[in-house]
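Student: I am new to this structure and should like to learn how its descriptions are justified. May we examine it together?

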Amino acid sequence: MTDIITLSDPRVAAVAEDECGEPLVDVRGGGLRLDHRQSDDDGSFALLRSGALRRLVLAQRLLPAGVRFLVVEGYRPPDLQRRYFEQYAATMRRAHPDAAPERIRELASAYISPPEVAPHVSGGAVDLTLCDRDGRELPLGTEVNATPEESAGACRTEARGIAAEACANRALMARALTSTGFVNYPTEWWHWSYGDRYWALLLGAPAARYGPAAPPRPTA
């Protein structure tokens, strides 16, 4: 077992959903800087629920002058989430051929959420980092989306052994984001969410505010 609550934990799936109906909106409408490394054809990666975006904009105002959030990915369609999870689970099976299916699911969920409880699918999760006013990324210890294997565990938010500046930048992110209601997934310093099942479990909310969000309709 891991020493954190992973997204494969049955307690996450047991959280009720009370869908509030907030729409998906483009993060650029909130004046946030958007990175394009996870861009997709329909622009899903640039979307968040309106309530989550409002809180993210408030969090950015708490950052020091000259420091901004750089949004890497927000909403993720269910089919894409499923594909990501299955691909990484296959990697875990190759690395741990004797592991039981439940253990493979747990190992995979330290990096990619099971589709049925995925925060990104709800539109309430955002992967982000920090940058300066010109868009240059600040040191955070690893690249965004670094796997546990390639980062030797440094992708964990509370990882030891990362440089002091990166540690300070992670703490800066945490102060701003937690103050506006976000929670972090502790295996990924870049992943924060509001309103999803994981958020509800960690904060003791009676239900998640966001269920799975429908993908955006194609434009003509």
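Tutor: Eight of the eight residues of β5 are buried, so β5 is largely enclosed by the rest of the structure. This is a predicted model, in which local features need pLDDT of at least 70, side-chain atom pairs count only at pLDDT 80 or more, and totals for chains, interfaces and linings use all residues. Residues are numbered from 1 along each chain as its sequence is written, and side-chain values use heavy atoms, with hydrogens and water left out.

Student: Why is Cys 131 called buried?

Tutor: Buried means under 20% relative accessible area, exposed over 50%, and partly exposed in between, with a 1.4 Å probe and protein chains only. Cys 131 has 0% relative accessibility, so Cys 131 counts as buried. Cys 155, at 2%, therefore counts as buried too.

Student: Which residues of β5 point one way, and which the other?

Tutor: Ala 125, Asp 127, Thr 129 and Cys 131 point one way, while Val 126, Leu 128, Leu 130 and Asp 132 point the other way. In a regular strand the side chains alternate between the two faces of the sheet.

Student: What makes β4 and β5 a pair?

Tutor: Strands are DSSP runs of E with at least two residues, helices are runs of H or I with at least four, and both are numbered from the N terminus. Two strands pair if DSSP finds at least two bridges between them. β4 and β5 have six bridges, in the antiparallel sense, and therefore pair. Within β5, Thr 129 is the bridge partner of Leu 70. Strand β7 (residues 191-193) is also antiparallel to β5, joined by three bridges, and His 191 in β7 is the bridge partner of Asp 127.

Student: How do you know that Cys 131 forms no disulfide?

Tutor: A disulfide is a pair of cysteine sulfur atoms within 2.5 Å. The closest cysteine sulfur to that of Cys 131 is in Cys 167, 20 Å away, which is too far for a bond. Cys 155 is likewise in no disulfide, as the nearest cysteine sulfur, that of Cys 167, is 15 Å away. A search of the whole structure finds zero disulfides.

Student: How does the span of helix α2 agree with what is expected?

Tutor: The expected span is 1.5 Å times one less than the number of residues. Helix α2 (residues 50-61) has 12 residues and reaches 17 Å from its first C-alpha to its last, close to the expected 16 Å. Its buried residues include Leu 53, Leu 56 and Val 57.
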